[in-house]
Amino acid sequence: MHVHSLNNIMAITIKDIASRAGVSRGSVDRVIHNRGNISLHVKQKVENVIAELGYKRNIIASQLVTNRSLIIGVVLPHFSEDPYWALPMNGIDQCFEEYKHLNIQLKVSFFNLVNPQSFIKAFQSKTLDQIDALIVAPIYEEVALQCQEYFSNREIPIVAINTPFNTQKENTFFVGSDSYQAGKTAGKLFDLIIKDHLSILQINIGKHQQLSTHYKLKQQGLEDYFIGRDINISTLQITNPANKAHLQNNISNHIDNYGPFESIFILNSKAYRFVDAMTNNIEDYTIIGFDLISENISCLRDDKVSFIIDQNPNLQGYQALKSILDLLIFENSKNSIQFVPLHIMIKESVLISDTP
C-alpha cells in the first residue's frame, strides 16, 4: 500500500498519471472529466493509477484556467401565475449570489402551470448540449418522465424540486418536503382540534394538481393518519380557481352533497382562494393550507386559516442549486432524496416573526 503525504498528493499531475498508466495525457483527461470515447481497458488502468496515487483534481481551478462556466438550467412555473414559485426561485438566486465566483451561470425558463406543452417547450429550450445540470419542477408526471429519461441517459444531473419523480434514476435527485408526512401532519393537527365527528374536505385547487405526485402523497398521508377510524374524508378538484363564482359554486355544491365538513385541507398554496370564496361562513371551518405566501400570511393574521404548513420553498431552491455545486464542483456525493424540514405556522408565530 502506498501512503502519500498531502504535499505529494497536491503535486500529482495528469502527466504523472499518464506516465504511470502507460497511456496518453488525453486519455487521462477523458477519464477524469468523464468525456467518453475511451476503452474500458484504458479507463480501468487510469482509474487504478488514480486510486494508487491519491490524485484528486481541482475542478474549481480547472474551470478558472479554461474559462469555462458551469451552466445550470432552471425550469420552473412562472410566479406570475402562482406566487409560490417566486420563493424557490429566490432560494436559487440566493445560492447563485453566494457561489457565482465559481464561474457558474444560470439559464432560466418558465412554463405555464395549466399547459403541459409549455413545460416541454421550457426544458427543450435549454441548449441541451451546453448545460451541465438541470433544476426542474416536474409538475406533469408523463412529460416529466420523458424529461428525466432524456437527461439521465445523457448523464446530466437533474434535480427535481418540490415534486418528486415517480422513480429515482441515476443522476436524478429530489429536494423538497416529504409530502406524505405533510399529509399526516395535517391529519394530526385536525385530530388535536376536533375530537368528535371529524369530517374533512381536501381540495385540489388548480388544473395541474390532479397530475402531480406530491398532491397524491399529501392526500394519502392524511387518509393513512385516520386509517381504521370512521372519518369522512372527501376530495374536490377545482380546475378554474381564478373564477371566484366558479370556485364558490363548486365548493358549496360539494359541501351540500357530501358534507357538512368542519375541516378543510387545501393541498397547495391557495388556501387564500378558499377563504376569499367562502367569506360569509369562514368561521365554521378549521382550515389548513400550505406555504407562507403573502396572501396566506394575511389569512393567518386575520384568524381565517388555522395552520399553514410551510414547505420551505426558499430552502428547496437554495439546496437544489447547492446540491449541483456539491456534486459537480466540490465532488461531495449527495443523497438522491433530500427532504427539507416542514414548519407549522400559526397566527402568533407569524406576528412574532414580523416584530422588529
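At 5% relative accessibility, Asp326 counts as buried in this predicted model, and the residue takes part in a salt bridge with Lys322, in which the closest N and O atoms are 2.7 Å apart. Lys322 is buried as well, with a relative accessible area of 16%. Both residues belong to helix H14 (residues 313-328), and because they are 4 residues apart there, about one helical turn separates them.

**Overall make-up**

The protein has 356 residues, of which 48% count as buried, and its secondary structure comes to 15 helices and 12 strands. Among the contacts with a separation of 6 or more, 68% are accounted for by residues 24 or more positions apart. The exposed area of the protein is about 17,200 Å², and carbon and sulfur atoms supply 49% of that area.

**Salt bridges**

The search of the whole structure finds 6 salt bridges, and the table sets out some of them, including the pair in helix H14.

| Acidic residue | Basic residue | N to O distance |
|---|---|---|
| Asp276 | Lys244 | 3.7 Å |
| Asp303 | Lys347 | 3.1 Å |
| Asp326 | Lys322 | 2.7 Å |

The side chains of Asp276 and Lys244 meet in a salt bridge at 3.7 Å, N to O. Since Asp276 lies in helix H12 (residues 271-277) and Lys244 in helix H11 (residues 244-258), the pair ties together parts that are 32 residues apart in sequence. Asp276 counts as partly exposed at 42% relative accessibility, and Lys244 likewise counts as partly exposed, at 41%.

In the salt bridge at 3.1 Å, N to O, the side chains that meet are those of Asp303 and Lys347. This pair links distant parts of the chain, with Asp303 in the loop between helix H13 (294-301) and strand S10 (307-310), Lys347 in helix H15 (residues 347-353), and the two positions 44 residues apart. Asp303 counts as exposed, at 56% relative accessibility, whereas Lys347 is partly exposed, with a relative accessible area of 23%.

**Nonpolar cores and a surface patch**

The largest nonpolar core has 76 residues, and those with the most contacts inside it are Ile135, Ile203, Ile251, Ile264, Phe274, Ile287 and Leu325. Strand S1 (residues 70-77) contributes the largest share of this core, 6 residues. Apart from this core lies another one, of 17 residues, among them Ala186, Leu189, Ile194 and Leu198.

For Ile287, once its neighbours within four places in sequence are left aside, the residues in contact are Ile264, Ile266, Phe274, Val275, Ile282, Lys304, Val305, Ser306 and Phe307. Two members of this list, Ile264 and Phe274, are also named with Ile287 among the residues with the most contacts inside the core of 76 residues.

On the surface, Phe79, Val108 and Phe110 form a nonpolar patch, whose accessible area together is about 220 Å². Phe110 is found in strand S2 (residues 104-111). With a relative accessible area of 32%, Phe110 is partly exposed, and the residue can belong to the patch because membership requires over 30% relative accessible area.

**Two buried polar residues**

Asp191 lies in helix H9 (residues 179-193) and is buried, with a relative accessible area of 15%. With its neighbours within four places in sequence left aside, Asp191 is in contact with Tyr225, Phe226 and Arg229. The contact with Arg229 includes a polar one, in which the side chain of Asp191 meets the side chain of Arg229 at 2.9 Å.

Ser118 has its place in helix H7 (residues 116-124) and counts as buried, at 15% relative accessibility. Its contacts, neighbours within four places in sequence being left aside, are with Phe111 and Asn112, and the side chain of Ser118 reaches the backbone nitrogen of Asn112 at 2.8 Å. Ser118 and Pro77, which are 41 residues apart in sequence, are 9.6 Å apart in space, C-alpha to C-alpha.

Definitions and conventions: Residues are numbered from 1 along each chain as its sequence is written. This is a predicted model: local features need pLDDT of at least 70, side-chain atom pairs count only at pLDDT 80 or more; totals for chains, interfaces and linings use all residues. Side-chain values use heavy atoms; hydrogens and water are left out. Buried means under 20% relative accessible area, exposed over 50%, partly exposed in between (1.4 Å probe, protein chains only). A polar contact is a pair of N or O atoms within 3.5 Å; within protein, one must be able to donate a hydrogen and the other to accept it, and residues adjacent in sequence count only if both atoms are side-chain atoms. Contact means heavy atoms within 4.5 Å. A nonpolar core is a set of buried Ala, Val, Leu, Ile, Met, Phe, Trp, Tyr and Cys residues joined through side-chain atoms within 4.5 Å. Patches are made of residues with over 30% relative accessible area and no salt bridge: like charges are joined within 9 Å, nonpolar side chains (Val, Leu, Ile, Met, Phe, Trp, Tyr) within 5 Å. Accessible areas come from the Shrake-Rupley method with a 1.4 Å probe; for residues, only the protein chains shown count as cover. A salt bridge is a side-chain nitrogen of Lys or Arg within 4 Å of a carboxyl oxygen of Asp or Glu.
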